[in-house]
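Biologist: I'm new to this one and I'd like to know what backs up the words people use for it. Can we go through a few?

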Amino acid sequence: TALDIRERLLGEGHVDTTATRHCMGDVLFKQNIYSTSRQGGAALPRVSALVWSGSGIPELSCHCCITGSLLSVALTTNADDELVVAVSTTLDHQVSSELVVAVSTMLDHQGKYKPALEQFTEALECETAGEGIDHPEIIASTTLKIGDVYKAQKKFKEAMVEYEKANEILKKRGGDVSAEVADANQRIAAVYKVQKKYRDALVGYELSLDIRRKVFGEEHIDTVETVEIIGDVYERQGKYPEALTQYQQVVEIRRKILEQYDPLIAVGLQNVGRMLEVQKQYDDAMKCFLEAVKVSQWAFGADHENVAVAIQLVGGVHEKRPGEISKALLQFKRALKILKRSVPKDHPEMAVVNKRITDCTKSLKQAIMKNIQKAK
């Protein structure tokens with residue numbers, strides 16, 4: 001709708017019109033609709049070039065259009081290096097680094113870590129080159145991305161060096177309390193978490209949480225995200241009461257700041273329910289799971305894999321309660337029907353629910369046999 005209006009009011013060649021096309025291409029790309037996403041970005045190089053030729057230094061919107069157009073095309077071609085070289089030779093350091101970062105991010109997402117690392121390093125050189133050029137926030141951002149590439153390769157020491165470096169740059173720029181510093185600390189904590197160094201991870205996440213509370217307040221989506229991650233760390237440690245407390249806070253805050261049937265509320269309810277279930281508080285767990293099913297149905301519709309997952313959790317509680325195997329089986333079969341309508345046959349969740357149906361069927365037969373023997 002926005003594209004149609006902008007084309008009529010501003011024309012196809014307007015930067016705002018092409019920016020909308022880029023947004024469409026990006027959305028389509030995230031759905032793996034590559035050919036269409038390329039079409040969405042195809043008009044951008046031509047229009048961006050026109051804007052470029054009409055001014056000495058392009059505006060930031062033009063930078064974004066050029067970056068977005070190249071990224072849209074690069075995502076569907078093998079011309080990554082050519083794209084970077086062709087543009088970086090003609091633009092100033094700041095714009096060139098933006099383009100290199102865009103393509104580098106794409107390479108990273110494709111698992112092409114070596115070329116991604118090379119491109120991020122080139123971007124960093126562009127950002128730090130030139131007399132009087134000082135963009136610490138951009139330098140820190142690229143440094144963090146270099147750390148991300150190392151982390152993806154499980155090179156945790158190298159990742160930590162980059163994250164710490166970026167953190168120091170950000171603190172020098174804006175002090176110890178900023179959203180960027182909180183993000184850097186979360187990355188550091190994530191490295192500890194993936195190595196199962198949970199005590200160190202908690203220190204980093206708690207520091208990030210403290211900063212986010214000061215910057216955003218208690219009732220903010222970023223703040224509550226950190227609370228949820230802390231709950232996950234406690235859960236991984238087997239500290240279920242502590243995890244439960246964190247997850248309950250998440251649900252409480254999300255109910256205040258999100259819509260009634262937001263999917264994130266369903267996720268929070270499932271986390272709370274799982275912690276109650278593992279502590280054998282089955283009645284309370286069941287209430288959480290049933291509400292999660294309701295929220296998921298409203299958010300996604302009845303035939304969605306997330307609904308099937310929530311229904312499986314309901315079945316899991318029935319499975320653990322004495323004498324409720326038949327109820328569990330009913331829920332698992334219900335989940336299977338939804339999955340058959342919503343996901344491919346080779347989807348991992350299909351194997352999970354089929355196994356649960358098999359196990360329940362076996363348990364039910366054993367229970368019947370025991371009752372028959374008792375009757376004899």
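Modeller: Let's start with Val353, bearing in mind that this is a predicted model. Setting aside residues up to four places away in sequence, Val353 touches Gln312, Phe332, Ala335, Leu336 and Leu339.

Biologist: And what makes these count as touching Val353?

Modeller: Contact means heavy atoms within 4.5 Å, so each of those residues has a heavy atom within 4.5 Å of one in Val353.

Biologist: Which residues touch the most other members of the largest nonpolar core?

Modeller: Tyr205, Val272 and Val353 do, in a core of 52 residues. Helices giving two or more residues to this core include α11 (198–216), α14 (263–278) and α18 (348–375). Apart from it lies another core, of 20 residues, with Leu117 and Phe120 among them.

Biologist: Back to Gln312, in helix α16. Why is Gln312 called buried?

Modeller: Its relative accessible area is 3%. Buried means under 20%, so Gln312 qualifies. Beyond four places in sequence, Gln312 touches residues including Glu349, Val352, Val353 and Arg356.

Biologist: How do you know whether Ser178 is buried or exposed?

Modeller: Ser178 has a relative accessible area of 13%; that is under the 20% cut-off, so Ser178 is buried. You'll find Ser178 in the loop between α9 (156–174) and α10 (179–194). Leaving out neighbours within four places in sequence, Ser178 is in contact with Ile211 and Val215.

Biologist: What does the side chain of Ser178 reach at 3.2 Å?

Modeller: The backbone nitrogen of Val181. A polar contact needs N or O atoms within 3.5 Å, so 3.2 Å meets that distance limit.

Methods:
Residues numbered from 1 in each chain as written. Predicted model: local features only at pLDDT ≥ 70, side-chain atom pairs only at ≥ 80, totals over all residues. Heavy atoms only, no water. Core = buried A, V, L, I, M, F, W, Y, C linked by side-chain atoms within 4.5 Å. Buried < 20%, exposed > 50% of the residue type's maximum accessible area, 1.4 Å probe, protein only. Helix = DSSP H or I, 4+ residues; strand = E, 2+ residues; numbered from the N terminus. Polar contact = N/O pair within 3.5 Å; in protein donor to acceptor, adjacent residues only side chain to side chain.
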